[in-house]
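Q: Please take one part of this model and examine it closely, starting from its aromatic residues and following the connections outward. I would like the cut-offs behind each term as you go.

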Amino acid sequence: MRLVYLRPILVLAALAAIPVLGPEPAAGQVSQPAASKTRAVGRETAPRTSWGDPDLQGRWTNTTTTPLERPSDLAGKQELTPAERAQRDAAAGRDYTPRAGDPGAYNQFWTEPGKSSAQTSLIVDPLDGKLPPLTPEAKKYADALEALRRPERPASWAELNPYDRCITRGLPGAMMPGFYNHNYLIVQTPTYVAILVEMIHDVRIIPLDGRPHLGPGLRQWMGNSRGHWEGQTLVVETTGFTDKIREFTGHAQRLLNGDRVGTYQGSFGTPTLTLVERFTRVDADTMDYRFTVTDPATFTRPWTAATPMLRVKEPIFEYACHEGNHAVPNVLSAARAQERAEALRTSRPQ
C-alpha cells in the first residue's frame, strides 16, 4: 500500500491526443527517411532558449495507460487504431474493491491513469515489445526476491523496497509512468539541465560541460548523469548506480498478473547499468522521450522504451512521501499481529 498525496486529478485524456512519433530503437529498425522527417518537424516547430539550445523547460507529464510490455493479445501489433485505443481505455478501469481482510487503500479519485497512446507498449526495442530475458544470475535473484515477499509478511523494513520506503524509484523508474504524480519540471542553463521529479521529489542535476563520469568508487541512488546535445536532442548518459535498488517489479508484475501487464512501477540497477536517455522537443506541447537500458548483469540484451511527454499547466506539488508514509509501520505491525494470531492458534490444545 502506498501513500495518499495532495495532487488533484490532472490530465486524463491528454496523451490520447499526442501524435506518436515513429519508434527509433536500434539502427536498421526504422527507415532513415521516417527518422529524418521526425527530426525535421522538431527543427521547424520546437522553441529554443535565448542562448540557442533547444528549449526543454517547463512542466511535463508522461501519464499513460500504455503498458511497459506488449500484451499477448496484441502480439505482432505495434500501433492501435483510434477505435482500439478507445476500447482498451474503456476496459482499463482498475478494481479498487478491497479483498477480504484488506482495509483498502486508493480509490479512483486519487489516481491519474491517463489514456493509452497509439503504441501497444512502451518498449519499442525489441520489436516484440517485451523485456529481454533476465540473465541466469538475475533470474535467480528475482525468484529469491519474489519468494521473500510471498506471503506479504516482511520481517523488517529492510525487506521493503526503496519505493515503499520513500527513498527513490531509481532509474529508469523515476522517468516512467505509473498511476499518479508522474510529473516533471525541467529547467536549463547553458551548462546544466535540472529535472525535478514530482514522485518522491528526486532532483536530477545533469552537467553539459563535458566533465567525465565519477569514478567507480562513488555510486549513487540515481547514478551520475552527463549530458550533451546531438542536434535537437538532449542525450543523457547515466552510470555509477548503487545495487541497493535492485527490484524486478516489472517481471514480478508479469508473472503474477499474466497478460494484465501493468505500467512499470519499480526500479532496478546494478553497478553495470548504463542508461542513455534522449529528450527531443517536438513542438510547444510535446516531447519525445525515450531511453535505452544496457545492463549485462540483469538483461541478456539492451532494450529501449519510448514514453511521450506532454506539457501541463498545473504546478508541481510537494510529494511529502516519508512524512505521510503510514504504509511501512502498518505493514510491519500487521505482519507481527498475524504471527501472534497464528502462534496463539497453534499453542491451543487440539
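**The aromatic cluster and strand E9**

A: Phenylalanine 299 has a relative accessible area of 4% and is therefore buried, where buried means under 20%, exposed means over 50% and partly exposed covers what lies between, with a 1.4 Å probe and protein chains only. The model is a predicted one, in which local features need pLDDT of at least 70 and side-chain atom pairs count only at pLDDT 80 or more, while totals for chains, interfaces and linings use all residues. Residues are numbered from 1 along each chain as its sequence is written, and side-chain values use heavy atoms, with hydrogens and water left out.

The structure holds four aromatic pairs, a pair being two rings of Phe, Tyr or Trp (its six-membered ring) whose centres lie within 6.5 Å, called stacked when the planes are under 30 degrees apart, edge-to-face when over 60, and tilted otherwise. Tyrosine 289 and phenylalanine 291 make a tilted pair, 6.0 Å from centre to centre with 45° between the planes. Both of its members are buried, tyrosine 289 at 0% relative accessibility and phenylalanine 291 at 1%. Phenylalanine 299 and tryptophan 303, by contrast in their label, form an edge-to-face pair, with 5.8 Å between centres and 75° between planes. Tryptophan 303 is buried too, at a relative accessible area of 1%. Taken together, ring pairs link Phe279, Tyr289, Phe291, Phe299 and Trp303 into a cluster.

Strand E9 spans residues 286-294, and seven of its nine residues are buried, so E9 is largely enclosed by the rest of the structure; strands (E, at least two residues) and helices (H or I, at least four) are DSSP runs numbered from the N terminus. Two strands count as paired if DSSP finds at least two bridges between them. Strand E8 (residues 274-283) runs antiparallel to E9 and is joined to it by nine bridges, with aspartate 283 standing opposite threonine 286 of E9 and a hairpin of two residues connecting E8 to E9. E9 also pairs with strand E10 (residues 303-306) in the antiparallel sense, over four bridges, and there arginine 290 has alanine 306 of E10 as its bridge partner. With strand E11 (residues 309-311) the pairing of E9 is again antiparallel, over two bridges, and methionine 287 is matched with methionine 309 of E11.

The next step outward is the packing. The largest nonpolar core has 35 residues, of which Ile195, Phe279, Phe291 and Trp303 touch the most other members; such a core is a set of buried Ala, Val, Leu, Ile, Met, Phe, Trp, Tyr and Cys residues joined through side-chain atoms within 4.5 Å. At least two residues of this core come from each of helix H3 (136-148), strand E3 (183-188), strand E4 (192-197), strand E7 (233-239), E8, E9 and E10. E9 gives the most to this core, namely four residues. Beyond residues up to four places away in sequence, isoleucine 195 touches Tyr184, Leu185, Ile186, Asp202, Val203, Arg204, Ile206 and Phe279, contact meaning heavy atoms within 4.5 Å. Apart from this core lies another, of eight residues, including Cys166, Phe179, Ile200 and Tyr319.

Cys166 leads on to a covalent link. Cysteine 166 and cysteine 321 form a disulfide with their sulfur atoms 2.0 Å apart, the criterion being cysteine sulfur atoms within 2.5 Å. The torsion about this S-S bond is about -75°, so the disulfide is left-handed. Cysteine 166 sits in the loop between H3 and E3 and cysteine 321 in the loop between E11 and helix H5 (327-347), so that the pair links parts of the chain 155 residues apart. Cysteine 166 is buried at 12% relative accessibility, as is cysteine 321 at 2%. Phi of cysteine 166 is near 65°, a positive value in a residue other than glycine.
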